[in-house]
Amino acid sequence: MSLLTLDNVTIRFGGLTAVDTVNLEVKQGEILALIGPNGAGKSTVFNLITSIYQPTEGKISLDGKALTGIPTHKIADMGITRTFQTIRLFPELSVLDNVKIGAHCRGKAGLFHAFTRLPSMKREEAEMEENAIKALEFLDLAAKREDMAKNLSYGEQRRLEIARALVSKPKILLLDEPAAGMNPQEKVVLMEMIRRIRDTGITIFLVEHDMKLVMGISERIAVLDYGKLIAKGTPLEVRSNKAVIEAYLGSGEFKSRIRR
């Protein structure tokens, strides 16, 4: 069953076509990876899905509901959350407060309730904190909930970003290069956590350059090159695809990336 659909999606910046007539389905409950050389348009696809950019042509839909024209801050309400290539935390806030910020998109209380501190507001805050703690427990960060985010290790900060994205209970989680900057052991932990997240029923769509990680956890892979989708299929199918090998500047480089 298709959860997220990109239908002939194109975006142009002046005379540059960054994403060119991409057709792609993300199936409910799967781990799908989007790969391609630097500048292929991978992060642009994520920015289109989350309404940071609007497509020049084509449409994007979640559960059959059009995302085109939906304000960025409403996308999480619809069930899509994401992380970014570069870590975007509030370094001077506690680990717990960073995650609670992610829960506020699901909050119902308005400005009046916030100022008057009505019982409904207090109940909502308590629920947000409970959900934030559960997310931290799931990502093995609960013991550091009172630490400032800046004091976490790099790998822990990456996991904190994922916890913040999870606390709003998304249907689909977009991970933009989640392994960037991680050491090999941190990548092993990350792979296991991505599998655990998927096992809770959340669909995973990730952009990643680490081919060992991609091949190790993805059920399907889509490949972009110069904004065009040149291949999609299982890891085995993509690994042997001639167009993919050529996009990665020769079979030797592509195979070496897989072995890393």
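Which element gives the most to the lining of the largest pocket? Hello everyone, let's start there. The answer is α2, with four residues. Please keep in mind throughout that this is a predicted model.

The largest pocket holds about 510 Å³ of space. Its lining is made of 20 residues, and those closest to the centre are Ala76, Thr81, Arg82, Phe84 and Arg164. If you want to find the walls on your screen, look for α2 (72–78), β6 (80–82), α3 (95–103) and α6, the elements that each give two or more residues to this lining. By class, the pocket lining has nine nonpolar, seven polar and four charged residues.

Now for the enclosed space. How many cavities of 30 Å³ or more does a search of the whole structure find? The search finds one, and about 40 Å³ of space lies in this largest cavity. Thr83, Arg158, Glu161, Ile162, Leu175 and Pro178 line it. Here helix α6, residues 154–166, is the biggest contributor, with three residues. The cavity lining divides into three nonpolar residues, one polar and two charged.

Let's move on to the helices, beginning with α1, residues 42–49. This one is mostly covered, with eight of its eight residues buried. The buried set is Lys42, Ser43, Thr44, Val45, Phe46, Asn47, Leu48 and Ile49, so you will find a lysine on that list along with the likes of Val45 and Phe46. Just after α1 comes serine 51, which takes a positive phi of about 65 degrees.

Helix α7 is the next stop, at residues 184–199. At its start, a side-chain oxygen of asparagine 183 reaches to within 3.1 Å of the backbone nitrogen of glutamine 185. Does the length of α7 agree with or depart from what its residue count leads us to expect? It agrees: because each residue adds 1.5 Å, the 16 residues should span 22 Å, and the end C-alpha atoms are 23 Å apart. Within α7, the buried residues are Leu190, Met191, Met193, Ile194, Ile197 and Arg198. A general reminder for reading such a list: an α-helix has 3.6 residues a turn, so residues three or four places apart point the same way. Just after α7, glycine 201 has a positive phi of about 110 degrees.

That brings us to backbone angles in the loops. Most residues other than glycine have a negative phi. Lysine 169 is not a glycine, yet its phi is positive, at about 55 degrees. You will find lysine 169 in the loop between α6 and β7 (172–176). Glutamate 177 is another non-glycine with a positive phi, this time of about 50 degrees, and its place is in the loop between β7 and α7. Are these two residues buried or exposed? Lysine 169 counts as exposed because its relative accessibility is 56%, whereas glutamate 177, at 13%, counts as buried.

One last residue before we finish: threonine 203, in strand β8, residues 203–207. Its relative accessibility is 0%, so threonine 203 counts as buried. Which residues does threonine 203 touch, leaving out those up to four places away in sequence? Its contacts are Leu3, then the run Val26, Lys27, Gln28, Gly29 and Glu30, and finally Lys171, Ile172 and Leu173.

Thanks for listening, and I'm happy to go back to any of these spots on the screen.

Conventions. Residues numbered from 1 in each chain as written. Predicted model: local features only at pLDDT ≥ 70, side-chain atom pairs only at ≥ 80, totals over all residues. Heavy atoms only, no water. 1 Å grid on protein atoms, 1.4 Å probe; cavity = no way out; pocket = protein on both sides within 12 Å on 5 of 7 lines; lining within 4 Å. Points joined across faces, edges and corners; volume = space filled by probe spheres on them. Nonpolar A, V, L, I, M, F, W, Y, C, P; charged D, E, K, R; others polar. Buried < 20%, exposed > 50% of the residue type's maximum accessible area, 1.4 Å probe, protein only. Contact = heavy atoms within 4.5 Å. Expected span 1.5 Å × (residues − 1). Polar contact = N/O pair within 3.5 Å; in protein donor to acceptor, adjacent residues only side chain to side chain.
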